[in-house]
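Colleague: Hi! Could you show me how to read a structure, one feature at a time?

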Amino acid sequence: MNDAYLEKLLHSKKYQDVCPDAVRRIYAECLVRYKKPKDAEKAAREALHGITGAFNGLDSRALQRLSIQDDVALSELLSRHASTRERLPLAAMDALYARIFEVTGPPGGILDLACGLNPVYLIRRFPSAGPVVGIDISASCVGLIEALGAEGSRGICADLLNPESIPGERFHMALLFKILPLLERQRAGTAMEVMRHIDAQFLIISFPTRTLGGRNVGMEGNYSDWMERHMPPDRAIADRFTTDNELIYILRETMSPSDAGNSPDAPSLSTE
């Protein structure tokens, strides 16, 4: 696609950190809705703003902080991304994973989708957890993971709406924290498609229970209803619990992905 407006998006200071495949996809989708490329570019910028706000504050100073080993420096780094900032302090994050590991057992390889800076926390706090593979559309987040140099761990800058971006290797667990509603808003049916592509013994899925302003508007009931009525055919609920602002499901594998491949698709996730 050779388009001057697309090139502006790809090379803009605001979105140059975003996975190019995601920028191209969003712009192409906007071109379908708008006749003029200029209008499509404007709509694409609005869409990109909606999915990049969590990491817009990252800069080179965050990378420099990686050389400092104390908890204060780690907390400061994690506070730079919205997804990890809301789980701080470190004691609360430690407690969350202790609860998860009680069900799953000690981790032996973790895949983190739309990971943000969470792999930095995992590698630092659980060095024996096995390789941590993080996928995100932010090149900065991926770069921070790579800079750690943890054996076997890596970051992948990719667009999750392309299921082929999910690694094919086997993992002990996969983390999908608050990502399914965001994927579903972009393309109906993607939430189920992504879950089907993951080869892991456990899926750890979370949903928001409060708005960004902290209001309780029934989100827990909505997401709980969806999750329990539309389970992937090869999964069962191993545990369900809530934190201050998240609903957590731990899904265990009940059959091989190939055995589940002929099952009918589940309806899409409503995010209203």
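Colleague: Leaving aside its neighbours within four places in sequence, which residues is G155 in contact with?

Modeller: Happy to help, and do keep in mind that this is a predicted model. A contact means heavy atoms within 4.5 Å. By that reading, and setting aside neighbours up to four places away in sequence, G155 contacts G134, V142, I145 and E146.

Colleague: Where does G155 sit, and is G155 buried or exposed?

Modeller: G155 belongs to strand β3, which covers residues 154–157. Buried means under 20% relative accessible area. G155 has a relative accessible area of 15%, so G155 is buried. Look also at V133: V133 and G155 are 22 residues apart along the chain, and their C-alpha atoms are separated by 5.7 Å.

Colleague: What about a charged residue: how far from D3 is the nearest side chain of opposite charge?

Modeller: A salt bridge needs a side-chain nitrogen of Lys or Arg within 4 Å of a carboxyl oxygen of Asp or Glu. For D3, the nearest side chain of opposite charge is K8, at 9.1 Å, and D3 has no salt bridge although D3 is buried.

Colleague: Then what lies around D3?

Modeller: D3 is in the segment before α1 (4–11). A polar atom of the D3 side chain lies 2.7 Å from the backbone nitrogen of Y5. Not counting residues up to four places away in sequence, D3 touches Y27 and P37.

Colleague: And how many helices and strands does the whole chain have?

Modeller: The protein chain has 13 helices and 7 strands. Of its 272 residues, 48% are buried.

Methods:
Residues numbered from 1 in each chain as written. Predicted model: local features only at pLDDT ≥ 70, side-chain atom pairs only at ≥ 80, totals over all residues. Heavy atoms only, no water. Helix = DSSP H or I, 4+ residues; strand = E, 2+ residues; numbered from the N terminus. Buried < 20%, exposed > 50% of the residue type's maximum accessible area, 1.4 Å probe, protein only. Lys, Arg positive; Asp, Glu negative; His and termini not counted. Polar contact = N/O pair within 3.5 Å; in protein donor to acceptor, adjacent residues only side chain to side chain.
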